[in-house]
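Biologist: I should like to learn how to read a model of this kind, from the whole chain down to single strands. May we go through it step by step?

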Amino acid sequence: MLSSSVAAAQTNGSLVYPKARKTDQTDTYHGTTVADPYRWLEDDRSAETAEWVKAENKVTFDYLSQIPYRGQLQQRLEEVYNYPKYSAPRRKGDWFYFSKNDGLQNQSVLYRQKGLDGTPELVIDPNKLSTDGTTRLGVFSLSKNGNYAVVGLSKGGSDWQEYQIMDLATKQYLPEKIEWVKVSGAAWQGNGFYYSRYPKPEGSALASKNENHQVFYHTLNTPQSADRLVYEDPKNPQRFHIASTTDDERFLLLSVSDRGKGKDGNALFYIDSKSGSNSFSPVIADVTDFSYGVVDNDNDRLLILTNEKAPNSKVIAFDTKKKSFATLIAEKSDPIAENSVSAAGDKLFVEYSKDVTSVVQVFNYAGKPESTVKLPAIGSVGGFGGEKDDKFVFYTFTSFTFPPTIYRYDIASGKSTVFRAPEVDFKPTDYETKQVFYTSKDGTKVPMFLTYRKGLKLDGTNPTLLYGYGGFNISLPPAFSPLRIPFLEQGGVYAQANLRGGSEYGEKWHEQGMKLKKQNVFDDFIAAAEYLIAQKYTSPAKLAIQGGSNGGLLVGAVMNQRPDLFRVAIPQVGVMDMLRFHKFTIGWNWIADYGSSDNAEEFKALHAYSPLHNLKAGINYPATLITTADHDDRVVPAHSFKYAATLQEVYKGPNPVLIRIDTNSGHGASNTKKNIETTADIYSFILWNMGIKSLREVASN
């Protein structure tokens with residue numbers, strides 16, 4: 001057992017870390033023996049793991065507490081974050097629903113009002129549901145008539161949700177509760193709704209593998225035990241089964257994906273309530289590498305966004321009577337942004353990505369283009385969804401120096417007007433953003449956004465934070481974050497690289513960063529760092545890298561491959577054990593992007609870059625702050641635990657290599673307070689290890 005008396009001690013620049021017990025655990029993969037001496041840290045419920053966590057946190061927080069401006073940074077973060085934040089309204093009948101955070105509330109509060117000029121009334125305040133403000137509203141799904149809503153709550157940052165049903169007339173809950181819901185929405189039809197859940201886990205609810213995803217139908221005012229099983233496939237336990245319904249509730253849709261077997265797309269089935277049948281009919285009968293997502297129905301036709309034979313995506317129509325397909329909106333040279341086709345007012349709003357910035361076109365249901373939404377600047381948008389009879393919709397526009405602003409778009413005239421603009425302690429005209437294109441190792445041109453204070457001197461001395469993700473078909477478009485302001489105020493450069501593996505240039509861009517081609521992502525990130533150094537934005541002594549989840553893997557892999565390029569590394573909630581990731585919770589779902597150690601060829605590639613398995617003695621690693629949380633049941637903290645124990649074992653240099661383990665938090669910060677505290681610690685660690693001993697004075701704007 002570890003001694004709880006283990007504490008931080010600094011001698012000649014070196015920290016004393018908790019001594020983690022090593023075992024002789026090994027595994028053999030396709031003839032290769034791999035040691036896993038810290039396997040015991042995978043048990044998140046053991047007393048030994050708990051004591052190790054406590055001792056590691058003591059070392060980390062003792063270190064952070066010695067940084068003189070840590071409190072000053074946290075105070076400034078609170079100042080810039082403390083302004084009202086709204087979501088765009090969504091209409092249901094006479095009511096408009098929206099969320100608002102007054103500034104520093106741990107959770108946003110849900111309101112509604114009658115008409116746009118009505119008086120807001122409280123619907124749900126998640127801040128009152130837990131003493132520490134870590135219970136989160138994850139789902140709020142209104143029935144078609146607006147009389148009821150499914151309310152999904154998660155606790156402490158977990159992905160598990162519990163559903164309740166609210167009567168909107170009284171704002172009281174019906175007696176039933178629905179448990180063990182994960183990877184699910186709530187799809188209303190008639191006097192109830194469809195949802196997806198797993199059987200109650202055996203063992204740890206936060207680490208046990210999740211299998212046998214089932215679809216149920218729940219009738220209002222009945223117990224969960226009476227719910228009707230609609231679909232399951234126990235022969236394929238690692239498939240997702242997600243139900244949805246069309247806006248008119250005519251069609252029940254079932255999407256089936258099998259990423260655990262390396263398939264990147266989905267099958268699609270439907271039941272037409274007008275047919276009298278309770279059996280699913282196929283639109284796409286087999287799971288393939290192509291995706292199919294229903295946007296809406298137009299009478300008998302299902303309008304579907306797909307990348308089949310269209311890596312930049314297109315919209316097709318499936319006629320449920322004739323069982324035939326037709327192209328509705330053809331593929332273009334610019335890709336349709338991921339899942340970014342919305343329906344409202346009997347129109348389709350299609351968001352295209354042009355060099356990672358948004359272009360929105362409006363089409364009718366015959367697929368004819370009618371107009372282009374005039375956006376206020378170069379940036380990114382979200383929204384446009386609504387009801388079939390809407391005359392106007394809302395969207396939110398943002399960019400790196402453009403705080404999220406809500407616009408009202410009149411469908412008939414095509415005009416946008418500002419509906420609500422935030423007041424942030426930030427002067428956008430003091431800063432600038434530029435997009436650059438740099439060359440990766442294999443000659444591929446990769447875009448990157450740079451944001452910094454105007455008048456920046458290119459002398460290689462600027463503290464620079466390089467952020468990346470590069471995977472799962474996820475794009476990193478321009479977006480504003482108030483938590484970035486304090487770093488920019490200190491003369492910092494924020495660099496956001498749009499690596500392969502994302503969706504920035506369609507499915508081909510994604511495929512170039514998957515499985516056996518994953519090294520391209522790391523090469524792109526390394527090339528971004530080399531560009532920043534060559535152009536004298538920064539130097540290795542003033543360059544930090546950061547990424548979360550798949551981005552945590554990115555940081556871990558790149559600091560192994562090129563430790564000389566970086567002064568600081570921040571791998572957050574990272575996938576660090578690439579040989580065992582599929583053995584926890586829904587990790588098997590990532591096989592489609594990563595491959596699997598069960599496959600000999602893919603094992604070779606995974607083992608070659610796995611952050612955990614490529615830590616070596618004698619390497620001068622950057623100052624490293626690993627972050628994770630006890631309720632992360634997506635990328636379980638065991639990844640970071642084993643990685644930290646190994647890094648602290650092999651590294652004998654002067655740089656701190658620490659792990660910060662949050663409590664009652666999950667894959668992302670579970671509330672505002674934790675988000676600000678974590679950010680303050682990250683910035684403090686970065687700046688302190690770049691040799692910055694005091695902060696610049698900052699005048700409030």
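Biologist: How many helices and strands does the protein chain have?

Modeller: One begins with an inventory of secondary structure. This is a predicted model, and its protein chain has ten helices and 41 strands. The radius of gyration is 25 Å, close to the 27 Å that the globule rule gives for 701 residues, so the chain is as compact as a globular protein of that length. The C-alpha trace spans about 75 × 55 × 50 Å along its principal axes.

Biologist: What percentage of the residues count as buried?

Modeller: Burial is judged by relative accessible area, with under 20% as the cut-off. By that criterion, 59% of the 701 residues are buried. Sequence separation adds another view: among contacts between residues at least 6 apart in sequence, 57% join residues at least 24 apart.

Biologist: Which residues of the largest nonpolar core touch the most other members?

Modeller: A core is read through its members and their contacts. Here the largest nonpolar core holds 115 residues, and W52, M448, L466 and Y594 touch the most other members. Helix α5 (residues 519-534) gives the most to this core, namely nine residues. As a single case, L466 has contacts beyond its neighbours within four places in sequence, including M448, F525, L532, L543 and I545.

Biologist: Is strand β40 largely enclosed or open to the outside?

Modeller: One examines each residue of the strand, and then each face. Seven of the seven residues of β40 (residues 623-629) are buried, so this strand is largely enclosed by the rest of the structure. A623, L625, T627 and A629 are buried on one side, and T624, I626 and T628 are buried on the other.

Biologist: Which strands are joined to β40 by bridges?

Modeller: Pairing is read from bridges and strand direction. Strand β39 (residues 568-572) runs parallel to β40 and is joined to it by three bridges, with A569 opposite T624. Six bridges join β40 to β41 (residues 657-662), again in parallel, and A629 stands opposite D662. Together with helix α9 (residues 638-650), β40 and β41 make a right-handed β-α-β unit.

Biologist: What is the strand order in the open sheet of four strands with antiparallel pairing?

Modeller: A sheet is described by its order, edges and twist. The order here is β30-β31-β32-β33. Its edge strands are β30 (380-383) and β33 (416-420), each pairing on one side only. Neighbouring strands are turned against each other by 35 degrees on average, direction ignored. Within this sheet, four bridges join β32 (residues 402-410) to the antiparallel β33, where R420 is the bridge partner of I406.

Key: Residues numbered from 1 in each chain as written. Predicted model: local features only at pLDDT ≥ 70, side-chain atom pairs only at ≥ 80, totals over all residues. Heavy atoms only, no water. Buried < 20%, exposed > 50% of the residue type's maximum accessible area, 1.4 Å probe, protein only. Helix = DSSP H or I, 4+ residues; strand = E, 2+ residues; numbered from the N terminus. Pairing = 2+ DSSP bridges. Right-handed = clockwise from strand over helix to strand, strands pointing away. Core = buried A, V, L, I, M, F, W, Y, C linked by side-chain atoms within 4.5 Å. Contact = heavy atoms within 4.5 Å. Axes fitted to C-alpha atoms, helices over the stretch in contact; angles between N-to-C directions. Rg over C-alpha atoms; globule rule 2.2 N^0.38 Å.
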